[in-house]
Amino acid sequence: MDYRIHKPQPRCATSDRPLTAGEPFFSALVREDGKIVRRDIAADAWQGPPEASLAWWRSTVPAQDAKPTLAPVDALL
């Protein structure tokens, strides 16, 4: 099964404030209306994974000129 997950959003899904480069945040994959939706939430607004989350992880907002990288295989397993 392959899923396309969009890149981090520039705003916190909880507080609607902008996320800045270098800022820690959490992402959660949530099933919503038959689709898998990514929710990016600032670390200071994180209250734990949303109900019905399929997965969640912590990350840092990349710099605008940063190239995408894949997660290590061990982390994905």
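**Strands, a hairpin and a core**

In the hairpin of E1 and E2 of this predicted model, 2 residues lie between the strands, and Asp33 takes a positive phi near 55°.

Q: How do you know that E1 and E2 pair, and in which sense?
A: Two strands pair if there are at least two bridges between them. E1 and E2 have 8 bridges, so they count as paired, and the sense is antiparallel. As one example, Ala28 stands opposite Arg39 in E2.

Q: What makes E1 and E3 a pair?
A: The same test works here: at least two bridges are needed, and E1 and E3 have 7, so they pair too, in the antiparallel sense. Phe25 has Ser59 in E3 as its bridge partner.

Q: Why are E2 and E3 called edge strands?
A: The open sheet has 3 strands in the order E2-E1-E3, with antiparallel pairing. E2 and strand E3 (53–60) each pair on one side only, and that makes them the edge strands. From one strand to the next, the twist averages 20°.

Q: Why is the set of 11 residues called a nonpolar core?
A: A nonpolar core needs buried residues of kinds such as Ala, Val and Phe, joined through side-chain atoms within 4.5 Å. The 11 residues, among them Cys12, Phe26, Val30 and Trp46, meet this, so they form a nonpolar core, the largest one. Strand E1 (24–32) and strand E2 (35–42) are the elements that give two or more residues to this core, and E1 gives the largest share, 4 residues.

Q: Which residues is Ala42 in contact with, leaving aside its neighbours within four places in sequence?
A: Ala42 is in contact with Cys12, Arg17, Leu19, Glu23, Pro24 and Phe25.

Conventions:
Residues numbered from 1 in each chain as written. Predicted model: local features only at pLDDT ≥ 70, side-chain atom pairs only at ≥ 80, totals over all residues. Heavy atoms only, no water. Buried < 20%, exposed > 50% of the residue type's maximum accessible area, 1.4 Å probe, protein only. Contact = heavy atoms within 4.5 Å. Axes fitted to C-alpha atoms, helices over the stretch in contact; angles between N-to-C directions.
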